[in-house]
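User: I would like to learn how to read the main features of a small model, one at a time, with the general idea and then the case at hand. Could you take me through them?

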Amino acid sequence: MKNGKKPTRRQQAAITEANLNPDNWLVFKVEPAAMHIVHRTTGKTQIIKS
């Protein structure tokens, strides 16, 4: 599993807009056009484009 950090309030809003629960996801990489997140328990990664 990648080492993720707790999302900020703005990042939580972006995760919620992607129909995901921000309590279950951690942010491990932030780019200008995308945010890479990893699930807390399963380790599944996902990319949210902005």
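The dialogue that follows goes through the sheet, the core, one salt bridge and one residue of a strand.

Analyst: Please keep in mind throughout that this is a predicted model.

User: Let us begin with the sheet: which order do the strands have, and in what sense do they pair?

Analyst: A sheet is read by its strand order and by the sense of each pairing. Here an open sheet of three strands has the order 1-2-3, and the pairing is antiparallel. Strand 1 and strand 3 stand at the edges with a single partner strand each, so one side of each is left without a neighbour in the sheet. From one strand to the next, the twist averages 30°. Helix 1, which spans residues 9-17, packs on this sheet and touches strand 1, strand 2 and strand 3, while its direction makes about 80° with that of strand 2.

User: How many bridges support the pairing of strand 1 with strand 2, and which residues face each other?

Analyst: To follow a pairing, one looks at the bridges and then at the partners. Strand 1 and strand 2 are joined in the antiparallel sense over five bridges; Leu26 has Val38 as its bridge partner in strand 2, and Val30 has Met35. The two strands form a hairpin, with three residues between them.

User: And what joins strand 2 to strand 3?

Analyst: Strand 2 and strand 3 (residues 45-49) run antiparallel and are joined by five bridges, with Ile47 of strand 3 as the bridge partner of His36. In the hairpin of these strands, which has five residues between them, Gly43 takes a positive phi near 85°.

User: Is strand 2 buried or exposed, and how should I read its two faces?

Analyst: One asks how many residues of the strand are buried, and then on which side they lie. Six of the six residues of strand 2 are buried, so this strand is largely enclosed by the rest of the structure. Both of its faces are covered, since Ala34, His36 and Val38 on one side and Met35, Ile37 and His39 on the other are all buried.

User: Which residues make up the largest nonpolar core?

Analyst: A core is best read by listing its members and then asking which elements supply them. The largest nonpolar core has seven residues, namely Ile15, Leu20, Trp25, Val27, Met35, Ile37 and Ile48. Strand 1 (25-30) and strand 2 (34-39) each supply at least two residues of this core. As for Ile48, leaving aside residues up to four places away in sequence, its contacts include Ile15, Leu20, Met35 and Ile37, and also Ala14 and Ala18.

User: How many salt bridges does a search of the whole structure find, and which side chains meet?

Analyst: For a salt bridge, one reads the pair, the distance and then the exposure of each partner. The search finds one salt bridge, in which the side chains of Lys29 and Glu31 meet at 3.4 Å, N to O. Lys29 is partly exposed at 41% relative accessible area, and Glu31 is also partly exposed, at 33%.

User: Finally, where is Phe28, and what does it touch?

Analyst: A single residue can be placed by its element, its exposure and its contacts. Phe28 lies in strand 1 and counts as partly exposed because its relative accessibility is 24%, whereas buried would require a value under 20%. Not counting residues up to four places away in sequence, Phe28 touches Lys2, Asn3, Gly4, His36, Ile37, Val38 and Thr45. Phe28 and Lys44 are 16 residues apart in sequence, and their C-alpha atoms are 12 Å apart in space.

Key: Residues numbered from 1 in each chain as written. Predicted model: local features only at pLDDT ≥ 70, side-chain atom pairs only at ≥ 80, totals over all residues. Heavy atoms only, no water. Core = buried A, V, L, I, M, F, W, Y, C linked by side-chain atoms within 4.5 Å. Buried < 20%, exposed > 50% of the residue type's maximum accessible area, 1.4 Å probe, protein only. Helix = DSSP H or I, 4+ residues; strand = E, 2+ residues; numbered from the N terminus. Contact = heavy atoms within 4.5 Å. Salt bridge = Lys/Arg side-chain N within 4 Å of Asp/Glu carboxyl O. Pairing = 2+ DSSP bridges. Axes fitted to C-alpha atoms, helices over the stretch in contact; angles between N-to-C directions.
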